[in-house]
Amino acid sequence: IYVSVFGDNSWNGITMATPVRDVQVAINISQPGDTINIYGGIYYEYLEVTHDQLTIRQASIWDTVIIEPSTGDIVENALLLIDGKFDITIDGLIFANHMYNYAQGIYVRGLSGDIAIRNCEVHDIHFSSDPNAPVNEDTNAQAIIIEGTDVVPTTNIEISNCEVYNCRLGYSEGIAINGNVNQFLIHNNHV
């Protein structure tokens, strides 16, 4: 499936000449085993992976793909939510400019597994849009968080070659593995 800021959501997205406009539309119309190729641009939306066996990536290494909320748009905690999904790869995307308490760049939760987050950037995730806001135990944001929230562990998680910077996370972390998670690799990241 192809996505472009010059695309149209009424198109089918199955060729480079007929890309859809929104990444979430591409996710929704994709099938298990598909790859979503995103051309360069800023995509103002929140994303949620809706099924297993999916790769979401920049169309080429020359495409800069930025996912961020539109100005004043605060409807979801996470710019990318993966909840109870398996065999998901996120490659070469930038998640940025999400600013409010409990904001998240990438959030994996529930009984999930075989998740790879590679070559991504997460920046300017802040618990507040006010740079002088006081920090306390109730001010939190996360750049990348993996949270095993099921009695069966979340397994086989990879976060590699990613960069996290310019974030104000309050009492939380840049990259966090929380809860019931095993078999994870955090490799070659710059935080």
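**A walk through the predicted fold**

Val152 sits in the loop that links strand E13 (141-148) to strand E14 (154-160). This is a predicted model, in which local features need pLDDT of at least 70, side-chain atom pairs count only at pLDDT 80 or more, and totals for chains, interfaces and linings use all residues. Residues are numbered from 1 along each chain as its sequence is written, and side-chain values use heavy atoms, with hydrogens and water left out. Strands are DSSP runs of E, at least two residues long, numbered from the N terminus.

Stay with Val152. Its relative accessibility is 42%, so Val152 counts as partly exposed. (Buried means under 20% relative accessible area, exposed means over 50%, and partly exposed lies in between, with a 1.4 Å probe and protein chains only.) Val152 joins Phe86, Leu111 and Val151 in a nonpolar surface patch. Together the four have about 340 Å² of accessible area, by the Shrake-Rupley method with a 1.4 Å probe, where only the protein chains shown count as cover for residues. Patch residues have over 30% relative accessible area and no salt bridge; nonpolar side chains (Val, Leu, Ile, Met, Phe, Trp, Tyr) are joined within 5 Å, like charges within 9 Å. A salt bridge here is a side-chain nitrogen of Lys or Arg within 4 Å of a carboxyl oxygen of Asp or Glu.

Now the sheet. It is open, with 5 strands in the order E3-E6-E9-E12-E15 and parallel pairing. Two strands pair if DSSP finds at least two bridges between them. Strand E3 (41-44) and strand E15 (163-165) are the edges; each has a single partner strand, so one side of each lacks a neighbour in the sheet. On average, neighbouring strands are turned by 20° against each other, direction ignored. Axes are lines fitted to C-alpha atoms. E6 (residues 65-68) and E9 (residues 93-99) pair in the parallel sense over 3 bridges. There, Ile67 has Phe95 of E9 as its bridge partner.

Next, the cysteines. The structure holds 0 disulfides, a disulfide being a pair of cysteine sulfur atoms within 2.5 Å. Cys162 is in none; its nearest cysteine sulfur, that of Cys120, is 4.8 Å away. Cys162 counts as buried because its relative accessibility is 4%. Cys167 is in no disulfide either, and the nearest cysteine sulfur, that of Cys162, is 12 Å away. Cys167 has a relative accessible area of 22%, so it is partly exposed.

Last, Tyr2. Strand E1 (residues 2-3) contains Tyr2. At 22% relative accessibility, Tyr2 is partly exposed. Tyr2 and Asn37 are 35 residues apart in sequence, yet 4.9 Å apart in space, C-alpha to C-alpha.

Technical notes. Helices (H or I, at least four residues) and strands (E, at least two) are DSSP runs, numbered from the N terminus. Axes are lines fitted to C-alpha atoms, for helices over the stretch in contact, and angles run from 0 to 180 degrees between N-to-C directions.
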